[in-house]
Amino acid sequence: MTDTVISSHKKEVVIGFERPFVVIGERINPTGRKMLAAEMAAGDFSRVIADVQAQLEAGAHMLDVNAGIPLADEPAILAETVKLVQSLTDVPLSIDSSIVAALEAGLAVYQGKALVNSVTGEEDRLEAVLPLVKKYGAAVVAISNDETGISQDPNVRFEIARKIVNRAADYGIPACDVIVDPLVMPIGAVSTAGRQVFALCHRLQKELKVNTTCGASNVSFGLPNRNGINAAFMSMAIASGMTSAITNPLHAEIMTAIMGADVLMGHDQDCMRWIRKFREVPPAGADGVEARGRRETRRRRVEA
């Protein structure tokens with residue numbers, strides 16, 4: 001069994017084959033969020049603060065932090081955001097950027113063992129990112145594409161993952177600190193996308209013995225009722241061996257699917273997390289209808 005330990009200055013999260021699924025909150029990311037991008041570029045982090053609190057309340061175990069804003073000083077903004085988020089919570093962070101200088105700026109101020117998001121199989125990316133991962137004692141997300149792009153052949157993606165794991169070992173980074181992203185394609189465009197990921201997760205666990213993650217919402221891009229597709233995907237991915245995902249914890253349907261999959265996989269001992277979450281305890285002096293109304297109001301407030 002393989003455990004990947006990610007930590008803050010106070011708290012550890014362990015991603016592993018026989019452990020509860022780890023949800024990495026995706027919302028601190030200005031990509032596609034114009035208001036957040038403008039605010040972060042202007043030094044206004046009020047929306048970041050709100051996103052931290054909302055994701056933690058919704059059940060995120062880790063948070064992804066991205067500051068990819070066109071024409072902005074991404075290294076400085078990412079470092080400032082990492083420091084701010086660590087001042088607000090003790091959950092570990094994934095430091096997310098396509099710019100190596102930004103990754104290093106975030107790692108330099110991070111307290112604990114971060115997850116670096118990400119490295120690909122491209123030679124220049126391997127040579128730039130893996131030394132940083134080693135220098136700062138981090139773990140890394142390995143995305144299974146290279147100079148040739150994203151292959152539709154799961155075997156090609158598996159070999160790219162193997163290459164990254166082997167190259168990481170050359171830098172002294174153990175396989176337990178490499179979390180492979182098998183790449184989730186939109187199911188509306190690639191009808192076999194789900195089966196590709198499920199097969200890859202199984203092989204990655206059994207053959208490379210590495211943990212896995214993904215950008216889970218990609219699977220439903222362009223389709224109606226995206227949360228329904230995402231929830232079904234998460235349950236099936238967990239059954240296939242996926243151990244974490246970068247996703248939106250504010251969608252209750254998805255979080256329920258993840259918790260249910262943990263129960264069915266035997267990763268929620270005695271179903272206690274499920275019971276604590278969903279046990280019905282009518283409050284004194286209130287009838288069932290009133291209690292249900294209050295719960296529904298709280299749920300909608302979190303999802304907003």
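## Overall span

In this predicted model, residues 21-277 form a span that is 49% helix and 14% strand, and the C-alpha atoms at its two ends lie 16 Å apart. The UniProt record, in an unreviewed entry, assigns these residues, 21-277, to the feature "domain: Pterin-binding".

## Helix α3 and its surroundings

Helix α3 covers residues 74-88, and because a rise of 1.5 Å a residue predicts a span of 21 Å for its 15 residues, the distance of 21 Å between its end C-alpha atoms agrees with that expectation.

The buried residues of this helix are found along its length, with Glu 74, Ile 77, Leu 78 and Ala 79 among them, as well as Thr 81, Val 82, Val 85 and Gln 86. These buried residues of α3 pack against three strands, β3 (22-28), β4 (62-66) and β5 (93-96), and also against the helices α1 (34-41), α2 (46-58) and α4 (100-109).

## Strand β6 and its two neighbours

Strand β6, residues 115-119, is mostly covered, since five of its five residues are buried. On one side β6 pairs with β5 in the parallel sense, over three bridges, and within this pairing Leu 115 of β6 is the bridge partner of Ser 94. The connection between these two strands involves α4, and β5, α4 and β6 together make a right-handed β-α-β unit.

Strand β6 is also joined by three bridges to strand β7 (residues 139-143), and these two strands likewise run parallel; here Val 116 stands opposite Val 140 of β7. Helix α5, residues 123-135, belongs to this second arrangement, in which β6, α5 and β7 make a right-handed β-α-β unit. In a regular strand, side chains alternate between the two faces of the sheet.

## Asn 66 in strand β4

Asn 66 is located in strand β4, one of the elements against which the buried residues of α3 pack. Asn 66 counts as buried because its relative accessibility is 8%, whereas the cut-off for that class is under 20%.

A polar atom of the Asn 66 side chain lies 2.6 Å from the backbone nitrogen of Gly 68. When residues up to four places away in sequence are not counted, Asn 66 touches Ile 28, Asn 29, Pro 30, Met 40, Leu 78 and Asp 96. Of these contacts, Leu 78 is also one of the buried residues of α3, and so appears in both parts of this description.

Notes: Residues are numbered from 1 along each chain as its sequence is written. This is a predicted model: local features need pLDDT of at least 70, side-chain atom pairs count only at pLDDT 80 or more; totals for chains, interfaces and linings use all residues. Side-chain values use heavy atoms; hydrogens and water are left out. UniProt positions are given in the numbering used here, feature names are shortened, and annotations may be inferred rather than shown by experiment. Helices (H or I, at least four residues) and strands (E, at least two) are DSSP runs, numbered from the N terminus. The expected span of a helix is 1.5 Å times one less than its number of residues. Buried means under 20% relative accessible area, exposed over 50%, partly exposed in between (1.4 Å probe, protein chains only). Contact means heavy atoms within 4.5 Å. Two strands pair if DSSP finds at least two bridges between them. A crossover is right-handed if, with the strands pointing away from the viewer, the path from the first strand over the helix to the second runs clockwise. A polar contact is a pair of N or O atoms within 3.5 Å; within protein, one must be able to donate a hydrogen and the other to accept it, and residues adjacent in sequence count only if both atoms are side-chain atoms.
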